[in-house]
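Dear colleague,

Please find the structure below, handed over for your consideration. My findings follow it.

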Amino acid sequence: MVSFSDLFVAASRASARDSALAFGLLGIFFNIAIQGVEFELYMYHFMAISISLYWGLIFTVYSVADYGILTAFARVSLLYASFGFSLMTSMVCYRLFFHRLCRFPGPVWAKITRFHASSLAAKNIQYYKELAKLHAQYGDFVRTGPREISILRPEAADVIYGPQSECRKSTWYGGSSNDPNKCSVNMTRDFAQHRLRRRAWDRAFSMKALSTYQPRVKAKADLLIDQLRKRSDRPIDITTWAMFFGFDVMGDLGFSKEFYNLESGVEHHAIKAIHKHMTTMAVVSMTPWLLNILGSIPGAAAAFSGFFDFCGSEIKAKQKSWDGEQYPRDITSWLLKAVKENDPSASPSQESLDDDSRVVIIAGSDTSATVLANTMYFLAKHPDKQRKVQTLLDRAMPGGYTAWSYDKVKTVTYVDDIINETLRLRPPVVMAMPRETPAKGIRVGDVHIPGGANVLMPLHQLQRDKRWWQQGEDWIPERWGERRHEMGTDGAPWLPFSLGAFGCSGKNLGYLNMRTSISSIVMNFDVAFVEGEDDEAFYDGALDTLTMTLPPLKLKFTARGSVDGRD
Ligand code: HEM
């Protein structure tokens, strides 16, 4: 009987041309075989196997087929080159001419490789602007990756993200780990598993839980006010102080832990570790398989270790000291409660729990902070609107800031109008995240998108497009209130928290943070631009690092002595 090694010896002794041809054909078959497989999730394994096989083949050819080491090296390299060349060529041809998305317009390079998106993101870390240019050139449906379509149509929002949507999270979410037992709720792609895990999170954001968080958010707002007051004689970078507020709130509500950013005026080292690498992540994550490879290499996430270590040690300390009798004080305690009680909604492993704890900080901090900083920008730009909200708040709380109450702030709906309008023009999660269409595909208006395609919406552009937003580029909070009907607000797409099952679970906490911080600041201060400060650089310079990263914005905060009850 002929053994495998006999076959291999025969193959390795075949002429170089025949072997190269065979490997070339293998490349084409391989490309055909992986269609329909989410291959980007297995790139790490593929590369690891390819490299091991390469050296293994050289050794085998050298030792079995009587070739010298250089010849063995040359022959195997030729086979690999032939395999790689035909794989790449067939892949390019397939993606350009036979792919199920090939009828959608877009740049040629985008149809071939995700590196195109990474290169656009790397330009100025403003992918949202690049995407806007692509839509201007190619229309409402643009092929932005070999199997990705960006859609600029309001009716797509419900189909892709709505409660009834059959689209699940795309392979982008497999970037850090493809194992649902090791990743956070946000990275969980399976509908049923996600639904189960969301229950533990939803308990952490119940009305009762929120009422226990409210005084603690106010305490942080007071700290912010004190620091702004101390510095009211000089320009203050609100981008930084809003970030301090956002992280201090989430340190407390997430872990019952102090970051002391507001007290010290210095960024906590764990937070610095996140911010330092946001731009790299923005570029790398455009090519999900690259993220997957980096995520699989032990030590590659070392750049984030300060932050990972902080969350990991906090959650472990909490696990040891957790008191099941007490009403949970913070979000991670709610997640731990589910684990300790063996609730079906519990995070399935230590890794997933660690990842969940990181989501608490990442999802909750920068998001609220960018809304706060952006709102201050808009209020400085529109002093009339600032006076209006101050007057309404003064009227609701005639006793001044000492009479501040969250319930009273909620009655001033203009505060929410301001928040919603800021979320429209400056959504903290800059792009609506990618989803994968179900096998039967989806229909957006009269356009059918086939199954197995990644679809997303350019939120930044969608929420200002003049086709459905009147004076779309202008900040007009009244469009959410008295001018709602006239400006057609209800029919226009607005989804800064996303929608449906995968939408933001911390939305109500987000509103609590934003209402508290914004109302506290405007009750205490008049906010204005510093003379000579380039406010356009702030507006134009926002970076797309998944969440929005803002440039510094120097503002002047002048105390409103007559209104502040503490003066
Ligand atoms: C202005 C404030 C906020 C905005 C605009 C916002 C926006 C979003 C968006 C767009 C998503 C969906 C991301 C995706 O599609 O993968 C999301 C998810 C999420 N957000 Fe928020 N968020 C805010 C505040 C918060 C806060 C304060 C928390 C508290 C921890 C929070 C926790 C979460 C969590 C846990 C998820 C993942 C939900 C899931 O996958 O089931 N968010 N947020």
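How many bridges join strand E5 (residues 432-436) to E8, and do the two strands run parallel or antiparallel? Three bridges join them, and the strands run antiparallel. Please note that this is a predicted model.

I begin with the surroundings of E8. Within its pairing with E5, Ala432 stands opposite Met457 of E8. Strand E2 (residues 148-151) is also joined to E8 by three bridges, but here the strands run parallel; Ile149 stands opposite Val455 of E8. Strand E8 itself (residues 454-457) is covered on both faces: Asn454 and Leu456 are buried on one side, and Val455 and Met457 are buried on the other. In a regular strand, side chains alternate between the two faces of the sheet.

A further sheet is open and has three strands, in the order E4-E12-E9 with antiparallel pairing. Its edge strands are E4 (236-237) and E9 (525-529), each of which pairs on one side only. Two bridges connect E4 with E12 (residues 554-559), and Ile236 has Leu555 of E12 as its bridge partner. Helix H18 packs on this sheet, where it touches E9 and E12, and its direction makes about 80 degrees with that of E9.

Turning to the ligand, 24 residues surround it, the closest being Gly364, Thr367, Cys504, Gly506 and Gly510. Helices H9 (191-204), H18 (350-381) and H23 (507-524) are the elements that give two or more residues to this shell. H18 gives the most, with seven residues. By class, the shell comprises 14 nonpolar, nine polar and one charged residues.

With kind regards

Technical notes: Residues are numbered from 1 along each chain as its sequence is written. This is a predicted model: local features need pLDDT of at least 70, side-chain atom pairs count only at pLDDT 80 or more; totals for chains, interfaces and linings use all residues. A residue is near a molecule or strand if its C-beta atom, placed from the backbone, lies within 6 Å of it. Helices (H or I, at least four residues) and strands (E, at least two) are DSSP runs, numbered from the N terminus. Ala, Val, Leu, Ile, Met, Phe, Trp, Tyr, Cys and Pro count as nonpolar, Asp, Glu, Lys and Arg as charged, and the others, Gly among them, as polar. Two strands pair if DSSP finds at least two bridges between them. Two residues are in contact if their C-beta atoms, placed from the backbone, lie within 7 Å. Axes are lines fitted to C-alpha atoms, for helices over the stretch in contact, and angles run from 0 to 180 degrees between N-to-C directions. A residue is buried if 20 or more other C-beta atoms lie within 10 Å of its own, exposed if 12 or fewer, and partly exposed in between; C-beta atoms are placed from the backbone.
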